[in-house]
Amino acid sequence: MMITTQYSDIVLGKVDASDAGFNFKEIEITLTADHVAGAVVTATGALANANGTDAFGVLVDRALLPDDSGRVNLAEPLTVGQKYKLVVAVRGVTFAKEHLVIAGGVAAPAAVLEALEARGNKVQE
């Protein structure tokens, strides 16, 4: 289970819980080019919309981290259009605002940040 490996540049801290599932969930996601570490997603793994109404959590799976040459660092590279179980930070997590994005790599707007905070997270500059 990869649920304990989250991308530390995005996750600045978390509320300690005995159950890792309190902070993080594994969601089966059909990968698009916009599913990057820091992308805000819905409960079904789609990218959240700009008004924040469907924001569920933030993709923080290390599988989405590019290596020094820009390739995603996995035993097998992730392929757009395929389904993967990826780790999403959902509650009790402090996020770095500058790493949060929505579709198209657009910085997450205020409504999305507010939605994440309403779910029990913090967003820091």
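This text walks through a predicted model, from its strands to its core and its salt bridges.

Begin with the open sheet. Three strands form it, in the order 1-6-7, and their pairing is mixed. Strand 1, residues 11–14, and strand 7, residues 122–124, are the edge strands, since each of them pairs on one side only. From one strand to the next, the twist averages 20°. As background, the strands of a sheet pair through backbone hydrogen bonds, and the pairing may be parallel or antiparallel. Strand 1 and strand 6 run antiparallel and are joined by three bridges, with strand 6 covering residues 93–96.

One residue of strand 6 can serve as an example. Thr 94 lies in that strand, and Thr 94 is the bridge partner of Gly 13. Is Thr 94 buried or exposed? Its relative accessible area is 15%, and because buried means under 20%, Thr 94 counts as buried. Leaving aside residues up to four places away in sequence, Thr 94 touches Ile 10, Val 11, Leu 12, Gly 13, Lys 122 and Gln 124.

Next come the strands that pair with strand 5. Strand 2 and strand 5 run antiparallel, and seven bridges join them. At one position of this pairing, Phe 24 stands opposite Ala 89 in strand 5. Strand 4 also pairs with strand 5 in the antiparallel sense, over two bridges. Here Leu 59 has Val 88 of strand 5 as its bridge partner. How much of strand 5 is covered? Five of its seven residues are buried, so the strand is mostly covered.

Strand 5 also matters when we turn to the nonpolar core. The largest nonpolar core has 38 residues, and those with the most contacts inside it are Val 40, Val 58, Leu 59, Val 60, Leu 86 and Leu 100. At least two residues of this core are supplied by each of these elements: strand 2 (24–30), strand 3 (40–41), strand 4 (57–59), strand 5 (83–89), strand 6 and helix 2 (110–118). The largest share, five residues, comes from strand 5.

Val 58 shows what such a core residue has around it. Which residues does Val 58 touch, not counting residues up to four places away in sequence? They are Ile 10, Gly 38, Ala 39, Val 40, Val 87, Val 88, Ala 89, Phe 95, Leu 100 and Leu 116.

The last topic is charged side chains. The structure holds two salt bridges. In one of them, the side chains of Asp 16 and Lys 14 meet at 3.6 Å, N to O. Asp 16 is exposed, with a relative accessible area of 70%, whereas Lys 14 is partly exposed, with a relative accessible area of 36%.

The other salt bridge is between the side chains of Glu 125 and Lys 97, at 3.1 Å, N to O. This pair links distant parts of the chain: Glu 125 is in the segment after strand 7, Lys 97 is in the loop between strand 6 and helix 2, and the two are 28 residues apart. How exposed are these two residues? Glu 125 has a relative accessible area of 75% and is exposed. Lys 97 has a relative accessible area of 33% and is partly exposed.

Definitions and conventions:
Residues are numbered from 1 along each chain as its sequence is written. This is a predicted model: local features need pLDDT of at least 70, side-chain atom pairs count only at pLDDT 80 or more; totals for chains, interfaces and linings use all residues. Side-chain values use heavy atoms; hydrogens and water are left out. Two strands pair if DSSP finds at least two bridges between them. Helices (H or I, at least four residues) and strands (E, at least two) are DSSP runs, numbered from the N terminus. Axes are lines fitted to C-alpha atoms, for helices over the stretch in contact, and angles run from 0 to 180 degrees between N-to-C directions. A nonpolar core is a set of buried Ala, Val, Leu, Ile, Met, Phe, Trp, Tyr and Cys residues joined through side-chain atoms within 4.5 Å. Buried means under 20% relative accessible area, exposed over 50%, partly exposed in between (1.4 Å probe, protein chains only). Contact means heavy atoms within 4.5 Å. A salt bridge is a side-chain nitrogen of Lys or Arg within 4 Å of a carboxyl oxygen of Asp or Glu.
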